[in-house]
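Hi there,

Here is the structure I promised to pass on to you. Have a look at it first, and then read on for what turned up.

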Amino acid sequence: MITAVINFPLPEGTTLDKARELFSATAPRYQTIEGLVRKYYLFNPETGVGGGCYLFEDRAAAEATFNAEWRAFIADRYGADPDVRFFETPVVVDNSLGDIAIAAE
């Protein structure tokens, strides 16, 4: 499994309510992404940074998602290029399911 952490500065003055509005409008587009297990939208009101934390089945699915078209969409929508970082995710604790998932080798 792969976790991608994405960060970008939001327009100055963005509030939690505005971030919720912006993010909710794009949420449906992520429901059909091949290999995406879960996505969390992120917002830090102290720094004005937004982004997302994504869990993918594999690196290929993550890289296919964050292509040039997606990067242009983020830059256009939020006014800044995204910082994209990938992490191997060998273990996931999911308390909502009462499960611990261990990635296959």
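A quick definition to start: a residue counts as buried when its relative accessible area is under 20%, and as exposed when that value is over 50%. Please also keep in mind that this is a predicted model.

Let's begin with Thr26, which lies in helix α1. Is Thr26 buried or exposed? Its relative accessibility is 6%, so Thr26 counts as buried. Leaving out neighbours within four places in sequence, Thr26 is in contact with Tyr41, Phe73, Arg77 and Tyr78.

Thr26 has company in α1, where the buried residues are Ala19, Leu22, Phe23 and Thr26. Looking down the axis of α1, you will find these buried residues within an arc of 90°, so they line one face of the helix. Asp17, Glu21 and Ala25 sit on the other side of α1 and are exposed. And what covers the buried residues of α1? The cover includes β2, β3 and α3.

Now for the core. In soluble globular proteins, nonpolar side chains tend to be buried together. Here the largest nonpolar core has 21 residues, and the members that touch the most others are Ile6, Tyr54, Phe56, Phe66 and Trp70. At least two residues of this core come from each of β1 (2-9), α1 (16-26), β2 (36-44), β3 (49-56), α2 (59-65) and α3 (68-78). The largest share, four residues, is supplied by β1.

Try clicking on Ile6: beyond four places in sequence, the residues that Ile6 touches include Tyr54, Phe66, Trp70 and Val84.

Enjoy exploring!

How values were computed. Residues are numbered from 1 along each chain as its sequence is written. This is a predicted model: local features need pLDDT of at least 70, side-chain atom pairs count only at pLDDT 80 or more; totals for chains, interfaces and linings use all residues. Side-chain values use heavy atoms; hydrogens and water are left out. A nonpolar core is a set of buried Ala, Val, Leu, Ile, Met, Phe, Trp, Tyr and Cys residues joined through side-chain atoms within 4.5 Å. Buried means under 20% relative accessible area, exposed over 50%, partly exposed in between (1.4 Å probe, protein chains only). Contact means heavy atoms within 4.5 Å. The arc is that of the directions from the helix axis to the C-beta atoms.
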